[in-house]
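Biologist: I'd like to learn how to read a ligand site from coordinates. Can we go through one together?

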Amino acid sequence: MSFYEPETIVCNGSLFRLYITKKQIDKRIEELADQINRDYEGKKPIFIGILNGAFIFLADLMRHVTIPCEVDFFKLSSYGDEKVSSGHVTELKDLDADVEGRHIILIEDIVDTGLSMRYMVGRIKAKKPASVTVVTLLHKPDATKHYVNVDYVGFQIPTLFVLGYGMDYAQEGRNLAQIYVINEESEVGPSPVIPDLAEK
Ligand code: PRP
């Protein structure tokens, strides 16, 4: 059985085209995991996936993590079924893990306006962890309205609406194995940028 990776896809009436391939994603996830393995040696971190969007990225990343670690989930919503953020965060599921004194690695599919991640970092810091680190597969620096420090970035992308690999449009499209961009303009603009991973 092969992965679901068409060249274009119609999702809820909008046409999307391929933007970041599975091969590019897989390679970048290996690089991120290698860096995390080095940086967190001996620290037994807790990876916290922010649902729903992060579930595929977290699952793929975790399979390259070779250090002792734990996993938990937090569920937030800021977009509802729209293409732009609602501007407020709704908390849908709290953590089960006790994070006090622990090294926490927050895992997101995308940091867009920064609202969700800023909320999440504040929420976790209030629980007095030893440290909090942010990992996101995609970052839209030009869309940031709520500043948050992002430690590990898979790809920096322009302000475009993207779909697939966990990310949805009105809840559909999360099952696509690659990342797609909405085809509203004839020119999609710059390609994704792969930032350097600084040693921590
Ligand atoms: C998406 C995404 C991030 C957030 C990023 O979640 O998964 O959590 O938006 O946008 P922001 O930086 O502007 O806050 P969404 O609220 O759509 O919920 P989902 O993860 O269930 O898709």
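Biologist: How far does a backbone N or O atom of Gly53 lie from an oxygen atom of the ligand?

Modeller: First, the ground rules. This is a predicted model, where local features need pLDDT of at least 70, side-chain atom pairs count only at pLDDT 80 or more, and totals for chains, interfaces and linings use all residues. Residues are numbered from 1 along each chain as its sequence is written, and side-chain values use heavy atoms, with hydrogens and water left out. Now your distance: it is 2.9 Å for Gly53, which fits a polar contact (a pair of N or O atoms within 3.5 Å). A backbone N or O atom of Gly114 lies 2.8 Å from a ligand oxygen, and a side-chain N or O atom of Ser116 is 2.6 Å from one. Alone, the ligand exposes 490 Å², and the protein buries 94% of that (Shrake-Rupley areas, 1.4 Å probe).

Biologist: Which residues come nearest to the ligand?

Modeller: Ser78, Glu108, Asp109, Thr113 and Ser116, out of 18 around the ligand (a heavy atom within 4 Å counts as near). By class, that shell has six nonpolar, seven polar and five charged residues (Ala, Val, Leu, Ile, Met, Phe, Trp, Tyr, Cys and Pro are nonpolar; Asp, Glu, Lys and Arg charged; the others, Gly among them, polar).

Biologist: Which element gives the most to the shell?

Modeller: Strand S6, with four residues. Strand S4 (70–77), S6 (103–111) and helix H3 (115–125) each supply at least two (DSSP runs: helices H or I, at least four residues; strands E, at least two; numbered from the N terminus).

Biologist: And how do I read the pocket?

Modeller: Rolling a probe the size of a water molecule over the atoms shows where empty space is left. Here the ligand takes up the space of the largest pocket (on a 1 Å grid over protein atoms alone, an open set with protein on both sides within 12 Å along at least five of seven lines, the probe being 1.4 Å; lining residues have an atom within 4 Å of a point). About 570 Å³ of space lies there. Of its 32 lining residues, Ser78, Tyr79, Asp109, Ile110 and Asp168 lie nearest the centre.

Biologist: Which peptide bond is cis?

Modeller: Most residues other than glycine have a negative phi, and most peptide bonds are trans. In this model, the bond from Leu51 to Asn52 is cis, with omega near 0°. Asn52 is in the loop between S3 and helix H2 (55–62). Asn12, in the loop between strands S1 (8–11) and S2 (14–20), has a positive phi, near 50°.

How values were computed:
A polar contact is a pair of N or O atoms within 3.5 Å; within protein, one must be able to donate a hydrogen and the other to accept it, and residues adjacent in sequence count only if both atoms are side-chain atoms. A molecule sits in a cavity or pocket if more than half of its atoms lie within 2 Å of its grid points. Grid points are joined across faces, edges and corners, and a volume is the space filled by probe spheres set on the points.
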